[in-house]
Amino acid sequence: MSTYEPRHWKDRESLRMHSANKGGLSNPKLVAVSNPISFANPKAPVYPRLALGKAWDEMTVTWTSGYDINEAVPFVEWGPSGGRKTRSPAGTLTFNRNSMCGEPARTVGWRDPGFIHTSFLKELWPNQRYAYRLGHILVNGSYIWSKKYSFKASPYPGQNSLQRVIIFGDMGKAERDGSNEYANYQPGSLNTTDQLIKDLDNYDIVFHIGDLPYANGYISQWDQFTAQVQEISSAVPYMIASGNHERDWPNSGSFFDTHDSGGECGVPAETMYYFPAENRAKFWYKADYGMFRFCIADSEHDWRQGSEQYEFIEHCLATVDRKQQPWLIFSAHRPLAYSSNDWYGKEGSFEEPEGREHLQKLWQKYKVDIAFYGHVHNYERVCPIYQNQCVNSEKTHYSGTVNGTIHVVVGGGGSHLSDYTPSPPVWSLYRDHDFGFGKLTAFNHSYLLFEYKKSSDGKVYDYFTISRDYRDVLACVHDGCEKTTLAS
Ligand SMILES: [Fe+2]
């Protein structure tokens with residue numbers, strides 16, 4: 001090994017390298033020990049991650065350091081590229097072993113996460129490029145600085161310009177040298193990350209819709225993940241959703257009583273990343289990005305009619321002005337509508353049970369264009385559909401009236417792949433058993449392109465377009481308009 005990059009902020013204390021190549025993993029033999037190595041500043045600020053704030057003209061910057069607030073004051077120095085710099089304060093959060101719900105997170109998986117800082121950069125000018133760096137003022141008055149980074153501020157909601165969005169789920173993390181990766185559980189992770197880093201100039205925002213590091217209660221893996229995506233997350237907003245591997249734990253209020261979070265019960269995800277939810281323990285939020293409105297749901301909490309989340313989803317879908325923001329996107333981690341993944345096929349539901357039964361009325365009434373899901377580790381595209389029926393026979397170039405939502409599973413971000421039912425249902429238009437991610441391109445208010453790209457080569461393997469005008473969104477379709485009066 002010629003270079004060493006610490007994967008956990010605490011790993012930056014002094015260490016010795018032990019080389020044990022002979023005998024392989026099953027029978028390692030120590031062949032050499034290095035001199036002690038130490039890091040210049042083990043507490044230095046690392047892993048910047050941008051996210052949209054609650055307002056369209058706000059960007060949040062979150063990072064990790066070893067500095068508690070009584071040791072140093074965290075802030076972001078920022079300003080228009082080449083222009084005057086200003087400073088904004090950052091808040092500091094952390095969590096401790098007692099914040100975890102069970103083991104291994106509370107026991108052998110526990111690692112001190114350090115301190116998580118978030119600064120809110122406000123009153124940004126649309127599309128302006130801003131430079132920034134992370135800072136800490138020590139008690140003795142000296143400064144600690146991160147490297148310099150930059151981002152482009154969001155477009156004004158409704159603004160007519162090119163807007164490009166990456167969306168995928170279930171990426172996880174992996175070791176570059178293939179070491180220390182139990183069961184090689186997320187084999188596609190580095191390919192996806194590397195493609196997105198290579199293509200950074202060609203998209204504006206990322207949605208990673210749940211199952212982020214698969215830390216499963218081994219807290220240091222959060223740092224491994226935030227380190228792996230930092231080239232992306234420091235340059236464009238990295239928006240997340242909650243997955244079962246972030247949240248689920250018995251008797252903790254999650255909708256599913258499984259052990260999938262390894263005792264984390266959502267705490268690391270909700271602290272390590274900012275997202276513009278009213279209450280970050282309830283992982284649902286809206287995000288406006290130019291001509292897009294995203295309604296991000298939380299499939300690990302009750303979404304059924306009558307629930308608090310259902311009310312949020314309806315409010316999010318109902319409050320967007322479609323003439324300015326025509327592209328209405330719904331997303332959740334689990335496929336709440338359609339997937340021909342084999343386990344859903346065996347259940348006979350072809351979805352996460354109780355998904356579309358409760359939500360399809362809302363998607364139809366508010367004419368959601370596309371809904372994205374992860375959880376199932378493959379790619380699948382469904383026809384525009386309502387109540388199990390394809391409502392449009394077109395396969396690729398949709399135009400005119402919005403008469404049904406297109407559902408897309410983009411869960412092939414990196415975790416081991418999921419199998420399909422042997423024969424695809426009629427509503428399944430394209431399936432790909434490989435690692436990949438989705439890309440949405442809004443060219444203007446009337447033309448949207450969706451592309452599915454493989455992580456291995458970054459090339460497009462499936463796509464569709466939507467071209468339509470505002471009147472096509474207003475047009476009344478089945479269950480899509482309030483009943484009109486008969487009076488003339
Ligand atoms: Fe999942």
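Mentor: A word first on UniProt annotations: they may be inferred rather than shown by experiment, and their positions follow the numbering used here. The model itself is predicted.

Trainee: Which residues does the UniProt annotation "domain: Purple acid phosphatase C-terminal" cover?

Mentor: This comes from the UniProt record, and the entry is unreviewed. In the model, the span is 53% strand and 0% helix. Its end C-alpha atoms lie 18 Å apart. The record gives the span as residues 404-463.

Trainee: How far apart are the end C-alpha atoms of residues 46-152?

Mentor: UniProt lists that span as "domain: Purple acid phosphatase N-terminal", again in an unreviewed entry. The chain there is 54% strand and 0% helix. From one end C-alpha atom to the other is 20 Å.

Trainee: Is Thr 60 buried or exposed?

Mentor: Start with its place: Thr 60 sits in strand 4, residues 59-65. Now count neighbours: 20 or more C-beta atoms within 10 Å make a residue buried. Thr 60 has 22 of them, so Thr 60 is buried.

Trainee: Which residue numbered in the 270s is in contact with Thr 60?

Mentor: Set aside neighbours within four places in sequence. The contacts of Thr 60 then include Leu 50, Ala 51 and Gly 53. Thr 118, Ser 119 and Phe 120 are also in contact with Thr 60. The one you want is Tyr 274.

Trainee: How many residues of helix 2 are buried?

Mentor: Helix 2 runs over residues 220-228, and its buried residues include Trp 222 and Phe 225. Strand 3, strand 4, helix 1, helix 3 and helix 5 are among the elements that cover them. Helix 2 is largely enclosed by the rest of the structure, because its buried residues number seven of the nine.

Trainee: Over how many bridges do strand 5 and strand 8 pair?

Mentor: Strand 5 is residues 72-80 and strand 8 is residues 129-138. One opposite pair is Val 76 with Leu 134. The two strands pair in the antiparallel sense, and the count of bridges is nine.

Trainee: What is the bridge partner of Arg 133 in strand 9?

Mentor: Strand 9 covers residues 143-152. Strand 8 pairs with strand 9 in the antiparallel sense over eight bridges. Across from Arg 133, the partner in strand 9 is Lys 148.

Trainee: Which residue takes a positive phi in the hairpin of strand 8 and strand 9?

Mentor: This hairpin has four residues between the strands. The phi in question is near 90 degrees. The residue that takes it is Gly 141.

Key. Residues numbered from 1 in each chain as written. Predicted model: local features only at pLDDT ≥ 70, side-chain atom pairs only at ≥ 80, totals over all residues. Buried ≥ 20, exposed ≤ 12 C-beta atoms within 10 Å, placed from the backbone. Contact = placed C-beta atoms within 7 Å. Pairing = 2+ DSSP bridges.
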